[in-house]
Amino acid sequence: MSSIGTGYDLGLFFSPDGRLFQAEYAYKAVENGSTCIGIKCKDGVILALEKVVTSKLLKPRANPRIGSVGRHVGIATTGFIPDGMHILKRARDEANAWRDNYGSAIPGSVMADRIGNYVQLFTCYSSVRPFGVMSFVAAYDDQGPHLYMIEPNGVYWGYNGISAGKGRQIARNELEKLDFSTLKMKDAVKEAARVIYATHDEEHNKDHEIEMTWVGEETNGIHTAVPDELLQEAEAYARRTVEGGEDEDVPMNE
Amino acid sequence: MSFLELTEPWGKPSKNIFFPTSNGVQQNAAPVNSRTVQPIVTGASVIALKYADGVMIAADNLASYGSLARFFDVERLTKVGNNTIVGIGGDVSDYQHLQRILEDLEIKESNHGDGYALQPSHIHEYLSRVFYARRNKMDPYWNQAIVAGVDGDEKEPYVAFADLRGNTYTAPAIATGFAIHLALPLLRKVTDDDHWKTLSKERARAAIDDCMRVLYYRDGRSLNKFSVATITADGVDFQTNQSVSSEWAFAEKQYGYGTQEV
């Protein structure tokens, strides 16, 4: 890899074959980040982040990484964490400015667009570096649920289900099996836990913590953490299904 | 900038002095002063009292344009979070701006997602600071406000006053505007000497209705349509479109009322 971009990767300018190497290298920062998935179902959006617990000294559940923006938007980032925190702050500024100017909640599509444009800005100048994160925007506005993912070069798309980070390939395979048009929020929480468990690397069996938030009809349009009991139920279901056998992707009965 | 560009103004007379503008605008005139000197569209009184289980706050739904009763559906009680109601009288445009400020405050706090919620005492302190800061600029938000709710882990009943000058105080019964003179004595009768700690919800509501009736009779800028909010440890109970009974038959006996029969 080190020989590929020689000379053209030390700044943000095009290489002879039309590539921005710095913008591409930013994706590498994300590839090793914690697995993050988003599921947009009929009546809401779920964001799930799998955090590897790096030290027993860390207080469980004390360091949430998925942030709320306004009341109805949630943003999760994976990759280079400080960059993610900065994007969260920018998103909050955008949402506040929208509310100041228009007196209403920022629509999900506008939020994604603002972040996309902001991220793209940092691929224009060599005096700055691109953001090393994939940003997931989950929103629930009067148009319904929205899920967007913004990549390090500023491009973004709307998704029904998407993943990023270490386990993204396995996660994407699992997500493709879901029927998003009929999935409801409570079931999506269980499926999200299952997908995360499915991406676990058994060799490096470190302690991990799932952080999950949701926004939609179940939460009256407010982005908030998934309640503890529901999360525990989901994790139990995930453990049963994933350890029981790879073929089971039928949701458990209540 | 090149050095040559820096030499541009040398030897040139100041534009302002040698080439005054033709529309006669004074270049050295004092800046146009723009500050609130009088309220335009106004809300009237707000009353609030503590009782055994929480607090009750009420305000009518009228916005007056001087002596004209102009808008009949103005909600002057604003919910802030799940434990506080702010009732505001005075200039309505300033009230609407304060609503925005309080909503922004609430959103910023909820974004932390740390399980803490702003308490009525915090909101009162914040609002007082906002009022006082503007008062120091001689450009006040022309309002009198009551912050009512249940405060802290113990869910203590809390009512406090803040006005356009940054004056604040807290007491078991509070009123703004005309109600200070007409309603406060009635509220104090049921809340004084810690009596509010054993005051039932029904008696508290009766006291509120009594005051609203007196205000309807005697305040020339009031309306018999109001909202009452009750805040307890269980949350906020918001009742709109309330009204009180009133007797106007005596008017027939007044000389000059209606048509004269002689």
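This passage walks through a sheet in chain A, the helices that pack on it, and a helix pair between chains A and B. The model described here is a predicted one.

A good place to begin is the sheet of chain A. Five strands make up this open sheet, in the order E8-E1-E2-E9-E10, and their pairing is antiparallel. Its edges are formed by strand E8 (161–164) and strand E10 (224–225) of chain A, each of which pairs on one side only.

Within the sheet, strand E1 of chain A covers residues 36–41. Five of the six residues of E1(A) are buried, so this strand is largely enclosed by the rest of the structure. On one side, E1(A) pairs with E8(A) in the antiparallel sense over four bridges, and here Gly38(A) sits opposite Ile162(A) of E8(A). E1(A) is also joined to E2(A), by six bridges, and these two strands run antiparallel. Cys36(A) has Leu49(A) in E2(A) as its bridge partner. Two residues lie between E1(A) and E2(A), and the two strands form a hairpin.

Moving along the sheet, strand E2 (residues 44–52) of chain A is linked by nine bridges to strand E9 (residues 208–216) of chain A, again in an antiparallel arrangement. Gly44(A) can be found opposite Gly216(A) in E9(A). Helix H5 (residues 185–198) of chain A packs on the sheet, where it touches E1, E2 and E9 of chain A. The direction of H5 makes about 155° with that of E9(A). Another helix, H4 (residues 168–176) of chain A, lies across strands E1 and E8 of chain A and runs at about 170° to E8(A).

The two chains also meet through a pair of helices. Two packed helices are described by the angle between their axes and the distance between the axes. Helix H2 (residues 81–102) of chain A packs against helix H3 (residues 92–111) of chain B at an angle of about 160°, and their axes are 12 Å apart. Angles over 145 degrees count as roughly antiparallel, and H2(A) and H3(B) are therefore roughly antiparallel to each other. The crossing of H2(A) past H3(B) is right-handed. H2(A) contributes Arg92(A), Asn96(A), Arg99(A) and Asp100(A) to the contact, while H3(B) contributes Arg100(B), Glu103(B), Asp104(B), Ile107(B), Lys108(B) and Asn111(B). Sorted by class, the contact of H2(A) with H3(B) comprises seven charged residues, two polar and one nonpolar.

Note on methods
Residues are numbered from 1 along each chain as its sequence is written. Chains are lettered from A and ligands numbered from 1 in the order in which they are written. This is a predicted model: local features need pLDDT of at least 70, side-chain atom pairs count only at pLDDT 80 or more; totals for chains, interfaces and linings use all residues. Side-chain values use heavy atoms; hydrogens and water are left out. Axes are lines fitted to C-alpha atoms, for helices over the stretch in contact, and angles run from 0 to 180 degrees between N-to-C directions. Angles under 35 degrees count as roughly parallel, over 145 as roughly antiparallel, 65 to 115 as roughly perpendicular and the rest as oblique. A crossing is left-handed if the near helix is turned anticlockwise from the far one by less than a right angle, and right-handed if clockwise. Contact means heavy atoms within 4.5 Å. Ala, Val, Leu, Ile, Met, Phe, Trp, Tyr, Cys and Pro count as nonpolar, Asp, Glu, Lys and Arg as charged, and the others, Gly among them, as polar. Two strands pair if DSSP finds at least two bridges between them. Buried means under 20% relative accessible area, exposed over 50%, partly exposed in between (1.4 Å probe, protein chains only).
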